[in-house]
Amino acid sequence: MKIVCIGGGHGLSHMLSAIRPHCAELTAIVATTDNGGSTGKLRKSQDVVALGDIRRCCLQLADSDSLIHQVFHHRFDGGELNGHSLGNLALLSLTQQTNSATQAVAWFNAMLGNSETILPMSDEPTDLLAFMSSGIKVFGECDIDSQEELPDYLTLSQDVNAAPGVVQAIENADMLIIGPGSLITSVMPAMLVEDIAKAVQQTSACRLFIENIAKEASVIKSLDMQPVDWLEGMLGYRFCDMSISLDALSEIVSHFDDVVKSPNQQHDIEQLSNVFGEILKMPLSLEAEQLVSSNHTLRVS
C-alpha cells in the first residue's frame with residue numbers, strides 16, 4: 001500500500017514512525033510555513049522554506065542510536081548559534097548547494113539512511129496570512145496562533161507551486177492521511193497550495209483526516225465546532241472521505257485512553273501503530289452507515 005501523509009509538527013513525525021510498518025511505500029508532505037525558533041531565524045536571514053519540521057520527520061525515521069542521528073539532533077547553547085539545530089543548519093547548507101529544498105531534503109534523508117520519501121510542500125518560501133473579523137491582517141504562524149479569536153480567512157502570503165513529486169505522490173497514493181496536528185499551523189499550509197489542493201480533490205486515494213490528539217493551546221482552543229467542518233469551511237473544498245476524532249481512536253484501540261491521560265505525551269508511536277493496524281484492516285468500500293458510530297466520533301464525509 002502506498003500511503004501519503006500531509007502535515008507538520010510533532011504529529012506528522014510520530015505518525016510516520018507509526019505507519020511505516022504497515023505500508024510498502026511511505027511519503028510525507030511537510031508544511032513549510034513555520035516562522036518560529038531556529039527555523040524562523042534561518043528563514044528571516046536566508047529566505048528559505050521552514051526546515052524544522054522536515055528535520056524532525058527525517059530524524060524520527062532514522063536510527064536513534066546512530067552517531068549521525070545524535071549529531072544532527074544537537075541544538076547549540078550560547079553564542080551566535082544559540083537555539084539552532086545542527087540538522088537545520090545542515091539542511092540550509094544542502095539547500096544552498098542544490099538550490100532546491102526538495103533535493104536538499106532527499107540528500108539529508110539519504111545521509112540518515114531512510115528509505116521513506118520526505119517532501120517539502122513547496123521549494124518556495126511563503127507564510128500564513130490571516131484576515132480577522134476586525135479587518136486586521138495577521139502575518140505568520142506565531143502571531144496567528146497568539147490571537148484571541150479565530151480568523152475569518154486564511155491564505156498564503158505568496159502563491160507557491162507544489163514541490164517536485166508532491167502532486168504525483170498524491171495522485172498515486174492508495175491512502176492519504178491528513179493530520180494529526182495543529183489545524184492552522186500543521187494541517188492547513190499544504191492544503192492551501194493550489195496544486196496540492198487540486199490533487200487532494202482529484203485523487204482516487206482514500207482520504208483520512210485525523211483530529212489532533214492533544215488539546216491545542218493556540219487560538220484553535222476557541223473552536224466551537226467539529227474540526228473537519230471548520231477546515232472544510234476555511235479551505236473551501238472537501239478534503240477527506242473519513243474523519244477520525246480522539247473518541248473514535250479510543251474506540252478502535254480500547255487502551256488508548258491510558259495514553260491520552262498522560263499530560264506529557266502527545267503522540268505515542270506504539271499506540272498510533274496499533275490504531276493504524278486496525279484502520280488498515282477496514283475494507284475501504286464499507287458504506288457510511290457501517291462506519292459511523294452512534295456518537296459520530298468516526299465519520300464518513
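Angles under 35 degrees count as roughly parallel, over 145 as roughly antiparallel, 65 to 115 as roughly perpendicular and the rest as oblique. Keep that handy for the first stop. This is a predicted model, where local features need pLDDT of at least 70, side-chain atom pairs count only at pLDDT 80 or more, and totals for chains, interfaces and linings use all residues. Residues are numbered from 1 along each chain as its sequence is written, and side-chain values use heavy atoms, with hydrogens and water left out.

Select α3 and α6 (helices are DSSP runs of H or I, at least four residues, numbered from the N terminus). Their axes, lines fitted to C-alpha atoms over the stretch in contact, with angles from 0 to 180 degrees between N-to-C directions, come within 9 Å and cross at roughly 25 degrees. The two are therefore roughly parallel to each other. Show side chains: Ile 54, Arg 55 and Cys 58 from α3 meet Val 105, Phe 108 and Asn 109 from α6 (contact means heavy atoms within 4.5 Å).

Now pick α5, residues 86–98. Its buried residues (under 20% relative accessible area, 1.4 Å probe, protein chains only; exposed is over 50%, partly exposed in between) include Leu 91, Leu 92 and Leu 94. They belong to a buried set that packs against α2, α3, α4 and α6. Just past α5, click Asn 99, where phi is positive, near 60 degrees.

Last, go to Gln 46 in α2. Gln 46 is partly exposed, at 36% relative accessible area. Gln 96 sits 50 residues away in sequence, with 9.4 Å between the C-alphas. Leaving out residues up to four places away in sequence, Gln 46 touches Leu 92 and Gln 96.

Terms used:
Expected span 1.5 Å × (residues − 1).
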